[in-house]
Amino acid sequence: MFHSFKNKMSPLAIAAALCFAIPAAMAASHVAPKTKSSASAAAPAAAARNYVLETGIVDGKMVFIDEKGRPNPVLRANVGDTVELKVKSGEGAEHDIAIPDLKVQSKKFDGTTGPTSVRFKVTQPGKFAYYCTIAGHRQIGMEGVFEVTGTASASAPKPANGNGNGGVADLYTPSAAPAAAADPQAVSISQNPAAVPAPIGNRAPQLLKYRMETVELAGKLDDGTTFTYWTFDKKVPGPMLRARVGDTIELTLANARSSKQIHSIDLHSVTGGHGGGEHTQVGPGQEKTITFKLLNAGLYVYHCATPLVPQHISAGMYGMILVEPEGGMPKVDKEYYVMQGDLYTKHAHGTKTHQEFDTAKMSNEMPDYYVFNGAVGSLTKEHKMTAKVGETVRLFFGVGGPNKISSFHVIGEIFDKVYSEGSLTAIKKDVQTTLVPAGGATIVEMKMDYPGQYLLVDHALSRAGKGLVGAISVSGDADKSIYNGGAKGAGSTH
Ligand SMILES: [Cu+2]
């Protein structure tokens, strides 16, 4: 499906497109724009040229579409022309259009903003790339050529920021950078670790129906710091799903009307269809339904699979589904749901502001924040995990990532059992630290033998300083033969 682009795209772009392509199934109905292009043929005299473009999905690629339905058309002009590009969002997601070589940059637009226009005067000949600057969109297809014929005009602009001599910059007014105060409307997005569905027990396979909504919202990342999260059901991680092997699941994914992005879901428990990512790409206000049978037991991560996939994951779009074996899992006293993620922000960790996502830091894998359940303090301040001495605690633990593995450890305890990599078929015993890959999971069980605060960490401990700490409070009587915090001799209680 990419053959027609191979000549125009760099190998890297092709690789990105292959990795991240939105399937043809998404190919949304794009409506042909009504306004007609008035580009005139070949007048050396300066002319006004108007191009009307609409964004959409064609053959599994995000593209600009002209009034004839052509994806990423070559736009032509002559030196001296004044060009107006009028662009609107066909599928509702947020985009822009830019020709950086000519210092042309439109405002962002989406399904709610209506079309946006950018006007500029052309002063130099050449072939220039136009594309959408939203992260990932150029890589998956939103790029074309703006071709200018003629000779450079005498009043060609200075190379940089020329704002006075008849160049492009005369007509282009950059939009002001938004003020970056923490968002007072931000809400908690931290998933409650106790939000674990009831055990399946011993029952026959059945059909289960789930509905999830993807929602973009301002959430609290830390004290005085907010962030625009992208979520499943407004929480990070998204809801934990629980089923048994042999169940068939009918899953409807709806994307909130207020969204600016397309979203989707890829569940690692699904066989075929890119885990569901192939058939769940939903634009704002849309929904899609897939069904799948659970062929393998285990604890599986799910995540959004829309470009840039790691950005969607980092911004909060991950969760887990537990597929119990026939007959269910052994009963324990407490079950909790915890996931780890790494987050990349424009400003340093701890800055009191509304943080914007930083895709450059993401691609370099340099996180500013590491979080359990979406935010700093989720599992220490907002939600309390508790147990009593003698109880067995089971943690369903996963790494959304997108990039960093976890050396998962609980300070002061030993995992009596580890279901490594979320596999229910092989149990390890007596483990201190267990490795959980990005996009992977584990189940650990601990009998809590002694009271106190047990800290959940990634034993790459620098990450604790970037937000990655949780706690289980254990109450009950201290058995001094297990641990005695006092000096030798008479037991000082502590
Ligand atoms: Cu998404």
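Visitor: In which strand is the place of Lys447?

Guide: Lys447 belongs to strand E27, which spans residues 440–447. Please note that this is a predicted model.

Visitor: Why does Lys447 count as partly exposed?

Guide: The class follows from a neighbour count: 20 or more other C-beta atoms within 10 Å make a residue buried, and 12 or fewer make it exposed. Lys447 has 16 C-beta neighbours inside 10 Å, and therefore it counts as partly exposed.

Visitor: Which residues does Lys447 touch, not counting those up to four places away in sequence?

Guide: With that exclusion, Lys447 touches Thr392 and Asp416. In addition, the C-alpha atoms of Lys447 and Val389 are separated by 8.0 Å, although the two residues are 58 apart along the chain. For the protein as a whole, 72% of the contacts between residues at least 6 apart in sequence join residues at least 24 apart.

Visitor: How many helices and strands does the protein have?

Guide: There are 4 helices and 29 strands.

Visitor: How should the pairing of strands be read, and what is the order of the open sheet of 4 strands?

Guide: In general, strands of a sheet pair through backbone hydrogen bonds, either parallel or antiparallel. Here, the open sheet of 4 strands runs in the order E12-E17-E16-E14, and its pairing is mixed. Strand E12 (241–244) and strand E14 (266–267) each have a single partner strand, so they stand at the edges and one side of each is left without a neighbour in the sheet. E12 runs parallel to strand E17, residues 318–324, and 4 bridges join the two. Within this pair, Arg244 stands opposite Glu324 of E17.

Visitor: Which strands are the edge strands of the open sheet with 5 strands?

Guide: That sheet has the order E21-E29-E28-E23-E26, again with mixed pairing. Its edge strands are E21 (385–388) and E26 (433–436), each of which pairs on one side only. Neighbouring strands of this sheet are turned by 20° against each other on average, direction ignored. E21 pairs with strand E29, residues 470–475, in the parallel sense over 4 bridges, and Ala387 has Val474 in E29 as its bridge partner.

Visitor: In which sense do strands E1 and E2 pair?

Guide: Strand E1 (residues 48–58) and E2 are antiparallel, with 5 bridges between them; Ile57 has Met62 in E2 as its bridge partner. Strand E2 comprises residues 61–65, and 5 of its 5 residues are buried. Lys61, Val63 and Ile65 point one way from E2, whereas Met62 and Phe64 point the other way.

Visitor: How is a nonpolar core to be read, and how many residues has the largest one?

Guide: In soluble globular proteins, nonpolar side chains tend to be buried together. In this protein of 494 residues, 47% count as buried. The largest nonpolar core has 79 residues, and those with the most contacts inside it are Tyr300, Met320, Ile321, Val338 and Phe396. Apart from this core lies another, of 30 residues, including Leu85, Ile97, Ile134 and Val148.

Visitor: What does Phe396 touch, leaving out residues up to four places away in sequence?

Guide: Phe396 touches Val196, Met240, Leu299, Met320, Leu322, Glu335, Tyr337 and Ile443.

Visitor: Where does pLDDT stay under 50?

Guide: Where pLDDT is low, the predicted coordinates should not be read in detail. The protein averages a pLDDT of 87, and 84% of the residues score at least 70. The value stays under 50 over residues 23–43, for which the model has 42 contacts beyond four places in sequence. It also stays under 50 over residues 157–179, with 34 such contacts.

Technical notes:
Residues are numbered from 1 along each chain as its sequence is written. This is a predicted model: local features need pLDDT of at least 70, side-chain atom pairs count only at pLDDT 80 or more; totals for chains, interfaces and linings use all residues. A nonpolar core is a set of buried Ala, Val, Leu, Ile, Met, Phe, Trp, Tyr and Cys residues joined through C-beta atoms within 7 Å. Two residues are in contact if their C-beta atoms, placed from the backbone, lie within 7 Å. Two strands pair if DSSP finds at least two bridges between them. pLDDT is the predictor's confidence in each residue, from 0 to 100. Axes are lines fitted to C-alpha atoms, for helices over the stretch in contact, and angles run from 0 to 180 degrees between N-to-C directions.
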